[in-house]
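Work through the exercises below with the sequence and the model at hand, trying each task before reading its solution.

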Amino acid sequence: MKPINEVKMTFPSRSANEGFARTAAACFAAQLDPTLDEVNDIKTAVSEAVTNCIVHAYPDALGTVTMRMRLFGDNTLEIVVHDNGVGIADIEQARTPLYTTGGTDRSGMGFTIMESFMDSVKVRSRLGKGTTVVLRRRISRRAQG
């Protein structure tokens, strides 16, 4: 299916840009007239995906995060968050609740949170090449009054 609108942005893996990414996602999703709960769910999932890039993909250096957002005619929002960082050795293990490589100050709940707020979460990764997370959420159509 061809998107009806799309945007792509790239930004440094600075923690300050996590807030920018979540706000950009909320603004882009607004075209589908989501409920406040849907907007908050999207912002939370994007926050987790971008934070994973910042904390895990580039643990000792500044890197680049790319976020592509697309809207489809069936009211589906797709957000792809990509980094060129260290990659994930074992995706299944990384998606296990409470597992983290980020030290004691990390909860290990990032993928679990993304999965709870999105309809689907797909993860692809190659060691030394980076990780791509694809978040998809269908926005409910509201009755026109």
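A salt bridge is taken here as a side-chain nitrogen of Lys or Arg within 4 Å of a carboxyl oxygen of Asp or Glu. The model is a predicted one, in which local features need pLDDT of at least 70, side-chain atom pairs count only at pLDDT 80 or more, and totals for chains, interfaces and linings use all residues. Residues are numbered from 1 along each chain as its sequence is written, and side-chain values use heavy atoms, with hydrogens and water left out.

**Exercise 1.** Find the salt-bridge partner of Arg136, and place both residues in the fold.

*Solution.* Start with the side chains: Arg136 pairs with Glu78, and their closest N and O atoms are 2.8 Å apart. Next, assign the elements, using helices (H or I, at least four residues) and strands (E, at least two) as DSSP runs numbered from the N terminus. Arg136 belongs to strand β5 and Glu78 to strand β3, so this pair ties together parts that lie 58 residues apart in sequence. Finally, follow the shared partners: salt bridges link Arg68, Arg70, Glu78 and Arg136 into one network.

**Exercise 2.** Decide whether Arg136 and Glu78 are buried, partly exposed or exposed.

*Solution.* Apply the cut-offs first: buried means under 20% relative accessible area, exposed means over 50%, and partly exposed lies in between (1.4 Å probe, protein chains only). With a relative accessible area of 25%, Arg136 is partly exposed, whereas Glu78, at 7%, counts as buried.

**Exercise 3.** Describe the salt bridges Arg137–Asp41 and Arg22–Glu18 in terms of their elements and burial.

*Solution.* The side chains of Arg137 and Asp41 meet at 3.0 Å, N to O. Since Arg137 lies in strand β5 and Asp41 in helix α2, the pair ties together parts 96 residues apart in sequence; both residues are buried. For Arg22 and Glu18 the N to O distance is 3.8 Å, and both residues sit in helix α1, four residues apart, about one turn of the helix. Arg22 is partly exposed at 24%, while Glu18, at 18%, is buried. Over the whole structure, a search finds six salt bridges.

**Exercise 4.** Which members of the largest nonpolar core touch the most other members, and which element gives the most to this core?

*Solution.* Such a core is a set of buried Ala, Val, Leu, Ile, Met, Phe, Trp, Tyr and Cys residues joined through side-chain atoms within 4.5 Å. Among its 32 residues, Val46, Met67, Ile79 and Leu135 touch the most other members. Several elements supply at least two residues each, including β1 (5–12), α1 (16–29) and β5 (130–138), and α2 gives the most, with seven.
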